[in-house]
Amino acid sequence: MNELFTFGSLIQRILSKFAKIIVRKNKMGFNCNRVNYPLKDWIKRSFIFSFCIVSILAIDIMYQDQPAFWCNILIAFICFFGVIVFNLLIHIHFDLKDPVKSPVYVKLLSFLSTLAICSLTFYVTTRLGVINMEEKRILNTSTFGFILLMVVRAAILNFIVQLWLYFVMNDHFRNQLELERSKLDKLNERAVNQMLRQQVQPHFLFNALSSLKSLIKKDSAMAESYLLQLSDYLRASFTTSEDGLATVKQEIQLCEDYLNMQKIRFNDAISYAINVSESVLKDSLPVFSLQPLVDNALKHNQYTVEHPLYIEVVDQDGWIIVRNNVCPRKTSHEDNNNYGLNNLKERFSYYLKESVHIHDHGNSFEVHVKIITP
């Protein structure tokens, strides 16, 4: 009995010091990470699993001469279920989604905690007088044999628990990944369809043709230039790729063609500048992602020669920034629900997370889109 108590105390001290060292070094915590894990569901499933395992154990010992049969079964259930719950808490604390690939120090902490629970269980059964006769003989015969028994029992139990955690956690995160992929596929399909419907809007074509008609009468050379730009713009707007991506250079060219046409139409009421470095031109963006941002600036602002609209397109630290000064229209019936920006966010979410940032500074409005690098 003294050896049992001494061994249990030693394990408890080692486990306590080891846990404090690891927790001190680790910046994450259970309270921060638990929202990302279905802990209640895992505990319910683990309860049922523990019950099934202990029931199998009961079949093996129920025919033996054990006066405290039900007491042993209850203690075994509490021990097994306690090991599972404690291991769940450890993995959630360290934000680990795969027990098999967990760091060595987590595996060691898991084993030590299992060993401590097994030792405590052994101590309780001894104090209650319901200890197995074979275990009692080993305890009275050899201290080394008792320690070896505890270590082997803890190792086997910990192995079973790790397999169970791998099954439960891997099943959950695999389903989550499949759901996320399915959602992104639907968003991408929906966004592409919306993009295609918006690529050539009737009011844009009407305004473009009206402007072209006026230019033919006033300036035939300018009309020819306008027609060529309109042709290039329409050709580019109908161009699609299998992966839904275009180079930054293609997007900039499309945006510039569109701005040139608007500049011819509104003259000095709008001005623009495009300053994108050569190093990012071969990188990618979702097809038709910059022009809608410029179009939004024209839709939601009023501009005159006295108060012109200024649009700037630049790159900075892996982002393309579309910026304009704000001169809001008194009434705007178009795209009041940020339809274009939401569409852009949906399309970007298929490739990157947190890839569209919107900044409203009051007197200026910016949209940052992340450049997709190979």
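Lysine 299 and aspartate 295 both lie in helix α11, where four residues, or about one turn of the helix, separate them. The exercises below start from this pair. The model is a predicted one, in which local features need pLDDT of at least 70, side-chain atom pairs count only at pLDDT 80 or more, and totals for chains, interfaces and linings use all residues. Residues are numbered from 1 along each chain as its sequence is written, and side-chain values use heavy atoms, with hydrogens and water left out.

**Exercise 1.** Determine what kind of interaction lysine 299 forms with aspartate 295, and whether the two residues are buried or exposed.

*Solution.* Begin with the rule: a salt bridge is a side-chain nitrogen of Lys or Arg within 4 Å of a carboxyl oxygen of Asp or Glu. The closest N and O atoms of lysine 299 and aspartate 295 are 3.4 Å apart, and the two residues form a salt bridge. Next, take the classes of accessibility, in which buried means under 20% relative accessible area, exposed over 50%, and partly exposed in between, with a 1.4 Å probe and protein chains only. Lysine 299 is buried, and aspartate 295 is buried as well. Salt bridges with shared partners also join Glu312, Arg323 and Glu366 into one network.

**Exercise 2.** Describe how aspartate 41 and arginine 45 are placed in their helix, and state how accessible each of them is.

*Solution.* Helices are DSSP runs of H or I with at least four residues, strands are runs of E with at least two, and both are numbered from the N terminus. Aspartate 41 and arginine 45 both belong to helix α3 and are four residues apart, about one turn of the helix. Their closest N and O atoms are 3.9 Å apart, and they form a salt bridge. Aspartate 41 is partly exposed at 37% relative accessibility, and arginine 45 is partly exposed at 26%.

**Exercise 3.** Find the residues that serine 50 contacts beyond its neighbours within four places in sequence, and explain why serine 50 counts as buried.

*Solution.* Serine 50 is found in helix α3, which covers residues 39–61. Serine 50 counts as buried because its relative accessible area is 0%. Contact means heavy atoms within 4.5 Å, and, with neighbours within four places left aside, serine 50 is in contact with Phe77, Phe80, Phe81 and Ile84.

**Exercise 4.** Work out which element gives the most residues to the largest nonpolar core, and what valine 248 touches.

*Solution.* A nonpolar core is a set of buried Ala, Val, Leu, Ile, Met, Phe, Trp, Tyr and Cys residues joined through side-chain atoms within 4.5 Å. The largest such core holds 43 residues, and Val248 is among those that touch the most other members. Helix α10 gives the most to this core, with eight residues. Leaving aside neighbours within four places in sequence, valine 248 is in contact with residues including Val276, Leu285 and Ile320. Apart from this core lies another of 26 residues, among them Leu39 and Trp164.

**Exercise 5.** Place aspartate 315 in the fold and identify the polar contact of its side chain.

*Solution.* Aspartate 315 is found in strand β4, and its relative accessibility of 22% is why it counts as partly exposed. A polar contact is a pair of N or O atoms within 3.5 Å; within protein, one must be able to donate a hydrogen and the other to accept it, and residues adjacent in sequence count only if both atoms are side-chain atoms. Such a contact, of 2.9 Å, joins the side chains of aspartate 315 and serine 277.
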